[in-house]
Structures are given as C-alpha cells and as structure tokens.
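Colleague: I should be grateful for a close look at one part of this protein, its salt bridges, set against the surrounding architecture. How many salt bridges does a search of the whole structure find, and where are they?

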Amino acid sequence: LGPWPGERVFRGHFRHTIDPKGRLSIPAKFREALDGDLGDKLVIVPIEHSLEVHPLSAWREIEEKLAALPKFDEDARKLKYAYTSRAHDVMLDAQGRIQLSPDYRERAGLDKDVLVIGMLEHFEVWNPERWKLCGEQREALGDLFTRVAQKGV
C-alpha cells in the first residue's frame, strides 16, 4: 500500500462466518479498500495463531524487501522458509469471498465463526477464542502507546 491513498487501509474488526465450502466473505469496508489499484488478488499466509491476508501489491513489497537482503543471510533464509514459502494466492470472487484451504483453516483453528481484524496494510482472520486468549496475554494498551510514541508514532 505504501503511502495509503485516501481510505485504502484495513481498520476495525468484524465478525464473519466461513461457509461450508470454506469461503469467507470479506467485510464490505475491506472490499472498498481493495477497489481500484489494489485489485482482487490477495495473498494468504498462516502465522502463529491466525491467517494474514495481503493485497498482492502489498505482498510484492514484502517480497522485494526480502529479495534485496543478502542471499546467504541466515535470518532472511529462515524467514523465507517459515513465512513466504507458505504464501498462497487467492482471488476475490464476484460475491467478495475468498477460498480458505482446509489446511490453512486447520492451522489457524478456523471453523465457522471468525474475526476479521484490520492491520492497516493487511488484515488477519482469527478464531474468536484464540483472539480472546491472545488478548488476555497482551499488555496494557497504555504502556504500549507510551513505547510506540517514543519511536516517533
């Protein structure tokens, strides 16, 4: 997304369901953000407790940054093995849904009810119970605001 034109960011969180065929309807606000230059091509990556969903253009920025690292940098290689090698391309269908593979649904603990969480340049799909458990482990927002403010935000 780079310098986010207009309202082309993913913010907020929404309760949605995965249908019996494994399709997830993307929140209307997020579909609006994808309209235009971001398009209907997305990249899904399983992470620790959820699935990340990136517009293809934002994903390409990540790939470019990784490709610019020294070829034999051990951390870069580990990140490619653990993260980018899991990336899977999907497209929004005419109804604004994406297909979530059974393997990815299993990895993220997704069944029927899910939370779709905006993360500015991408969004995540969470099992509500996992979100709640991870939330209990998150630190106080006030402390986090203080530390991030010291970094210039």
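**Salt bridges and their setting**

Modeller: Three salt bridges emerge from a search of the whole structure; the term denotes a side-chain nitrogen of Lys or Arg within 4 Å of a carboxyl oxygen of Asp or Glu. The model is a predicted one, in which local features need pLDDT of at least 70 and side-chain atom pairs count only at pLDDT 80 or more, while totals for chains, interfaces and linings use all residues. Residues are numbered from 1 along each chain as its sequence is written, and side-chain values use heavy atoms, with hydrogens and water left out.

One salt bridge joins Asp 19 to Arg 23, with 2.7 Å between the closest N and O atoms. Arg 23 counts as partly exposed because its relative accessible area is 21%; buried means under 20%, exposed over 50%, and partly exposed in between (1.4 Å probe, protein chains only). Another pairs Arg 97 with Asp 93, the closest N and O atoms lying 2.8 Å apart. Asp 93 is likewise partly exposed, at 26% relative accessibility.

The remaining pair is Asp 103 and Arg 107, whose closest N and O atoms are 3.3 Å apart. Both belong to helix H4 (residues 102–107), and because they are four residues apart there, about one helical turn separates them. Helices here are DSSP runs of H or I with at least four residues, and strands are runs of E with at least two, numbered from the N terminus. Asp 103 is partly exposed at 39%, and Arg 107 is partly exposed at 38%.

As to the setting, the protein has six helices and eight strands, following the pattern β-β-α-β-β-α-α-β-β-α-β-β-α-α along the sequence. Of its 153 residues, 36% count as buried.

The largest nonpolar core (buried Ala, Val, Leu, Ile, Met, Phe, Trp, Tyr and Cys residues joined through side-chain atoms within 4.5 Å) contains 22 residues, and those touching the most other members are Leu 24, Ile 44, Leu 51, Ile 98, Leu 100 and Leu 110. Two or more residues each come from helix H1 (28–34) and from strands S3 (41–46), S4 (50–55), S7 (113–118) and S8 (123–126). Helix H1 supplies the largest share of this core, three residues.

Finally, Glu 63 has its place in helix H2. With a relative accessibility of 38%, Glu 63 is partly exposed.
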